[in-house]
Amino acid sequence: MIVYRFGEKLREIRERRGYTLKQVAEKAGVSESLVSQIERNKVSPSIDTLLTLAGILEIDFEYLFEDFRKEKPVTVIHREERRKIESGPVAYEQLSVIYDTDEEHAIEAFLLVIQPGGRRGEKEYGHMGKELGLVLAGEGTLEYGKEVYRLKEGDSVSFSSNVPHLLTNTGKGELKTVWVSTPPRMAYMRGDGR
């Protein structure tokens, strides 16, 4: 877990603006001790308190959190730790999920394995986002709207998800792909309640 430390920035801006701890605390409706502890990174404020302090000090949120954006953690998911789920002839293994402050830049990747004759997707409706797939083994078809695309080992495909689409295994063996979606849609695999 990352502990983000922004207390120094709050203190620096407060001092630059010529406010005392007491003045900021009174305006925020909190104790002077709490503001001091926040500035020394001894406690993490609630979102409401942080918003209030930032408003009083006229701090731009981009500035307050710019270090957080630069220091994203590296996530390693070892093969034996992948989240897995099977839904009939389709199996998913989560390779990665990257969340951002906005859903527009969130992304997920999973190993998708479809048994012969199995299919994934919907012919009736699409959804927001974009997808990219790389076929590792097997063969299949992607029905995208009224078009049908044949796929085999080594092929890749990318498309906007707002058009109805259906991936079907048309081969005799497993259709194995790496599939990437943005924004993430496999909520039941996340394990974080999103």
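# A guided tour of the model

Welcome! Of the 194 residues in this protein, 35% are buried (buried means under 20% relative accessible area, exposed over 50% and partly exposed in between, with a 1.4 Å probe and protein chains only). This is a predicted model, in which local features need pLDDT of at least 70 and side-chain atom pairs count only at pLDDT 80 or more, while totals for chains, interfaces and linings use all residues. Residues are numbered from 1 along each chain as its sequence is written, and side-chain values use heavy atoms, with hydrogens and water left out.

**The whole chain**

Begin with a cartoon view. You will find 7 helices and 10 strands; these are DSSP runs numbered from the N terminus, with helices being H or I of at least four residues and strands being E of at least two. Among the contacts with a separation of 6 or more, 64% are between residues 24 or more positions apart (contact means heavy atoms within 4.5 Å).

**Stop 1: helix H4**

Select residues 47-56, which make up helix H4. Which residues of H4 are buried? They are Thr49, Leu50, Leu53, Ala54 and Ile56. These residues lie on the same side of H4 because they cover an arc of only 165° around the axis (the arc is that of the directions from the helix axis to the C-beta atoms). Now turn the helix to the face directed away from its buried side, and you meet the exposed residues Ile47 and Asp48.

Next, look at the loops on either side. Asn41 sits in the loop between helix H3 (32-39) and H4. Its phi is near 55°, a positive value in a residue other than glycine. On the other side, Glu58 lies in the loop between H4 and helix H5 (61-64). Glu58 is not a glycine either, yet it has a positive phi of about 55°. With 57% relative accessibility, Glu58 counts as exposed.

**Stop 2: a pair of rings**

The structure holds 3 aromatic pairs. To count, rings of Phe, Tyr and Trp (its six-membered ring) must have centres within 6.5 Å; planes under 30 degrees apart are stacked, over 60 edge-to-face and the rest tilted. Select Tyr92 and Phe110, which form an edge-to-face pair, 5.4 Å centre to centre with 65° between the planes. This pair links distant parts of the chain, since Tyr92 is in strand E2 (residues 90-98) and Phe110 is in strand E3 (residues 107-114), 18 residues apart. Are these two rings' residues buried or exposed? Both Tyr92 and Phe110 are buried.

**Stop 3: an open sheet**

Now show the strands in the order E4-E9-E6-E7: these 4 strands form an open sheet with antiparallel pairing (two strands pair if DSSP finds at least two bridges between them). Its edge strands are E4 (119-122) and E7 (147-152), each pairing on one side only. Direction ignored, neighbouring strands here are turned by 15° against each other on average (axes are lines fitted to C-alpha atoms, for helices over the stretch in contact, and angles run from 0 to 180 degrees between N-to-C directions).

Zoom in on strand E6 (residues 139-144), which is joined to E9 by 5 bridges. One bridge to pick out has Leu142 with Leu167 of E9 as its partner.

**Stop 4: His165**

Stay with strand E9 (residues 165-169) and select His165. This residue is buried, with a relative accessible area of 7%. Leaving aside neighbours within four places in sequence, the residues in contact with His165 include Arg120, His127, Leu142, Tyr144 and Phe159. Which side chain has a polar contact of 2.9 Å with that of His165? It is the side chain of Glu131. (A polar contact is a pair of N or O atoms within 3.5 Å; within protein, one must be able to donate a hydrogen and the other to accept it, and residues adjacent in sequence count only if both atoms are side-chain atoms.)

Add Trp179 to your selection, too: Tyr144, Phe159 and Trp179 form one aromatic cluster.

**Stop 5: Glu174 and Pro183**

Move on to Glu174, in the loop between E9 and strand E10 (175-182). Glu174 is partly exposed, with a relative accessible area of 37%. Although Glu174 and Ile114 are 60 residues apart in sequence, they are 5.7 Å apart in space, C-alpha to C-alpha. The side chain of Glu174 also has a polar contact of 2.9 Å with that of Gln115.

Finally, select Pro183 in the loop between E10 and helix H7 (187-190). A cis peptide bond joins Thr182 and Pro183, with omega about -5°.
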